Amino acid sequence: MRKPRLSEASGAFRYPAFRRVWVTGVLIALAAWTERLAAGWLILTETDSVFLTAVSFAVRQAPGLIAAPIAGALSDRMPRSRLLGLAAAFRAVLLALLALFALSGLEPLWVAFVLIALAGVAHSFETPCTQALVTDSVPRRAAMNAVALQSVGARGVGALGGLLGGVVIASYGIPAALFAGAAVSLAGGLVVATMRPPAARSARPGRRDTSVLSDVADGLRVMFSVPLVRTLLLLAVLVEMFGFAYHSVLPAVARNVLEVGEVGLGVLTMMAGFGSLAGVLALTAIGNVRRRGLLLIGITLGYGAFLVSFASSGLFPLSLALITGVGAMAAAFDAMQWTLLQQYVPDHMRGRAIGGWVFAIGFGWVGYLTLGAVAEYVGVQWALAATGTLVVLTGLAAAAVAPKLRAA
């Protein structure tokens, strides 16, 4: 296979609309990484409970079950740049309120969980808007490259945000990190809110007199009526529950297993971010592979294997190397899901397709709570090893019983 030239690997940057979407996505991702790191450490230090820390991740994820289909439908009806700008500004307000709440002494604690849940609502709007804008802003032939480059930016800045977040928390406190995340999110909203919408290849043909609920129903119909889309979303549900739940116990790994504190948590998050960056760079470098479904299955198997290995490590340097692999597989899994979903749905339903994906991963809260509860009783390492094993079994099942995915 011919190795792609550098100009091909970065080709989407030739389009001005994509460059602005890319900057927005990077800023929003930085705010999200900062919020996740700071909120998780906040709950762990205030409650000393692995389970409640996992709950904080679950309540961030659960709103997607309701908000994501609505967000996807709205992103197919409204100017996506405007909707994304509003979601970013909403997140900024929530992070500022969470910072003020942390300064006040965290009484009552349920307020923190409410604010984190509302940040999850913002995320439910950010993801379908961003991903649909990415593919709106480039020709179809450049769509996979654009998705990969967007992931490169978001994951790369996440690596930096993880390290800086840990340092800021250790040096200035959790509220300072949350205020910084609010400022970054607001900047992202301002960048995209003034954006001239790209030529709408995704514009819905025909009449516009249907209701939002009707569009939501259309999106759900596509999710369940197209066999490959149905398979992809089921795979997303299972891997989100079993695999991505590791985020919810990472603060406990840093403090209780590796004994490295908040700076160590920041370094672990940074290495996961570097791994994410490496994963999407690898996808960019290999170009337009033909058997994307087989590649997705292979990534799923690798994801589970790295999780089991990371769970088995009690050494900080080894854990850094292994979580880099975890991050690479996680990012590659997401990027391949987004690419395949948008390839196999009509152009005018791309927002709803990604909204459906956010809806699917909204079930991740089940895995977060389960992992937190199991970790509370049998230990974080045993619980993580079990989830990694389940990811491997999910990949093997997809290879065995999903012929349309294998052929995609």
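Which helix gives the most to the nonpolar patch? In this predicted model, that helix is α5, residues 80-104, which contributes four residues. The patch lies on the surface and is formed by V93, L97, L100, L103 and F179, with about 460 Å² of accessible area together. One of these residues, L103, has its place in helix α5 and counts as exposed because its relative accessibility is 57%.

**Salt bridges**

The model holds four salt bridges, and the table gives three of them, including the closest N to O distance for each pair.

| Pair | Closest N to O distance |
|---|---|
| R60 and E35 | 2.8 Å |
| R91 and E35 | 3.5 Å |
| R255 and D48 | 2.2 Å |

The side chains of R60 and E35 meet in a salt bridge; R60 lies in helix α3 and E35 in helix α2, so this pair ties together parts that are 25 residues apart in sequence. Both R60 and E35 are buried. E35 also forms a salt bridge with R91, and this pair links distant parts of the chain, with E35 in helix α2 and R91 in helix α5, 56 residues apart. E35 counts as buried because its relative accessibility is 2%, and R91 likewise counts as buried at 2% relative accessibility.

R255 forms a salt bridge with D48, and this pair links R255 in helix α11 to D48 in the loop between α2 and α3, 207 residues apart. R255 is partly exposed, with a relative accessible area of 27%, whereas D48 is exposed, with a relative accessible area of 52%. Salt bridges that share partners join E35, R60, R91 and E126 into one network.

**Helix α3**

Helix α3 has twelve residues and reaches 17 Å from its first C-alpha to its last, close to the 16 Å expected at 1.5 Å a residue. Nine of its twelve residues are buried, so α3 is largely enclosed by the rest of the structure; among the buried residues are V50, F57, R60 and Q61. At the start of α3, a side-chain oxygen of S49 reaches to within 3.3 Å of the backbone nitrogen of F51.

**Two loop residues with positive phi**

Most residues other than glycine have a negative phi. D48, however, has a positive phi near 55°, and E259 also has a positive phi near 55°. D48 sits in the loop between α2 (16-47) and α3 (50-61), while E259 sits in the loop between α11 (250-257) and α12 (261-286). E259 counts as exposed because its relative accessibility is 65%.

Conventions
Residues numbered from 1 in each chain as written. Predicted model: local features only at pLDDT ≥ 70, side-chain atom pairs only at ≥ 80, totals over all residues. Heavy atoms only, no water. Patch = residues over 30% accessible without salt bridge, like charges linked within 9 Å, V, L, I, M, F, W, Y side chains within 5 Å. Areas by Shrake-Rupley, 256 points an atom, 1.4 Å probe, with all protein chains shown as cover. Helix = DSSP H or I, 4+ residues; strand = E, 2+ residues; numbered from the N terminus. Buried < 20%, exposed > 50% of the residue type's maximum accessible area, 1.4 Å probe, protein only. Expected span 1.5 Å × (residues − 1). Polar contact = N/O pair within 3.5 Å; in protein donor to acceptor, adjacent residues only side chain to side chain.
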